[in-house]
Amino acid sequence: MNVKDMVEANTILKIKVGSELYGTSIVGVSDIDYFGVCIPTKDYILGTQKFELLEERTNPSSSGKRNTKYDSDFTCYSLQKYFKLLSDNNPNVLETLFVNKENIIYSNRAAKEILTYKHIFLSKRAYYKFSGYAHAQKRKLLTKESMGLRKEIVDKYFYDTKYAGHLLRLLLFGIELLDTGSIKFPTDWAKYLIQIKKGEWPFSHIIDKATYLEEQLVNAYNHTKLPELPDLEAINKLQIKLIEGHWSNNN
């Protein structure tokens, strides 16, 4: 069985992410991003074949064209890779634990169990990951790294609205997670983030807001009730349970 067929037959979770999840999609403009998790067959875990990630894009990066409303991206991880990224508190993956039901395309019993026990993955590592990812976006914003197709955005608004939106979103979500142990979707900040995406705020506001939120993120870290580390023992047991259960049900 090739990788694509294996993934399709063993997917346990498929959801909409990105702007659809955040509530910041712009009708007639935004593309759709899909995220999935699959439990590989024995050939891909016990055997010689390996699988961590499958990416499918209607508009490959090599095309040199910007995504349109007709394009979509699908990224599917193996359960092992997914759990590793969750344990690291990777922002782009951690947010999938809080997906609202409207954006769940498919989930089976294994996926529902992961979402039920999401708390075992959360930890203070979130501060370092969210702040690190935000810093990377801020650096791109300040150095105007936009190239090619995004240069027109910088020429129009004097900054890259994409990087600005990512920067503030990461800081806002990081604060919310550390404060509450959760991230609400669609976000209460959707209207504001859409305004950022549309270039409706000046560059000075973006930088001032980011500086303020960076301070709030540190404060949230200092007062969070999240544990120092994720519950690695519980994660290990859950991974084994889900893999064995999936194989048993599919024999």
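Where helices α9 and α10 meet, T161, A164, G165, L168, R169 and L172 of α9 touch Y192, L193, I196 and K197 of α10. By class, six of the residues in this contact are nonpolar, two are polar and two are charged. Please keep in mind that this is a predicted model. From this helix pair, the tour below moves on to an open sheet of five strands, and then to a few loop residues that deserve a look.

**The helix pair α9 and α10**

- Helix α9 covers residues 161-180 and helix α10 covers residues 190-197; their axes are 8 Å apart.
- The two helices pack at an angle of about 155°. Angles over 145 degrees count as roughly antiparallel, and α9 and α10 are therefore roughly antiparallel to each other.
- The loop between α9 and α10 is home to P186. The peptide bond leading from F185 to P186 is cis, and its omega is near -5°.

**The sheet**

- Reading across the open sheet, the five strands come in the order β3-β4-β2-β1-β5, with mixed pairing.
- At the edges are β3 (53-57) and β5 (104-107), each of which pairs on one side only.
- On average, neighbouring strands of this sheet are turned by 15° against each other, direction ignored.
- As general background, strands of a sheet pair through backbone hydrogen bonds, in either a parallel or an antiparallel way.

**Strand β1 and its two partners**

- How much of β1 is covered? The strand is mostly covered, with five of its seven residues buried.
- On one pairing, β1 and β2 run antiparallel and are joined by six bridges. Here K16 stands opposite Y34 in β2.
- On the other pairing, β1 and β5 also run antiparallel, joined by three bridges. Here K14 stands opposite Y106 in β5.

**Strands β2 and β4, with helix α4**

- Strand β2 (residues 32-38) and strand β4 (residues 72-78) run parallel, and seven bridges join them.
- One residue to look for is C38, whose bridge partner in β4 is S78.
- Helix α4, made of residues 79-87, lies across β1 (11-17), β2 and β4. The helix runs at about 95° to β4.

**The loop between α4 and α5**

- N89 sits in the loop between α4 and α5 (91-94). Although N89 is not a glycine, its phi is positive, at about 60°.
- Is N89 buried or exposed? With a relative accessibility of 0%, N89 counts as buried.
- N90 is found in the loop between α4 and α5 as well. N90 counts as buried because its relative accessibility is 11%, and the cut-off for buried is under 20%.
- Leaving aside residues up to four places away in sequence, N90 touches L85, K129 and Y133.
- N90 and D231 are separated by 141 residues in sequence and by 15 Å in space, C-alpha to C-alpha.

**The loop between α8 and α9**

- F158 lies in the loop between α8 (151-157) and α9. The phi of F158 is near 75°, a positive value in a residue other than glycine.
- Where N89 counts as buried, F158 counts as exposed, at 60% relative accessibility.
- Why point out such angles and the cis bond? Most residues other than glycine have a negative phi, and most peptide bonds are trans.

How values were computed:
Residues numbered from 1 in each chain as written. Predicted model: local features only at pLDDT ≥ 70, side-chain atom pairs only at ≥ 80, totals over all residues. Heavy atoms only, no water. Pairing = 2+ DSSP bridges. Helix = DSSP H or I, 4+ residues; strand = E, 2+ residues; numbered from the N terminus. Axes fitted to C-alpha atoms, helices over the stretch in contact; angles between N-to-C directions. Contact = heavy atoms within 4.5 Å. Parallel < 35°, antiparallel > 145°, perpendicular 65-115°, else oblique. Nonpolar A, V, L, I, M, F, W, Y, C, P; charged D, E, K, R; others polar. Buried < 20%, exposed > 50% of the residue type's maximum accessible area, 1.4 Å probe, protein only.
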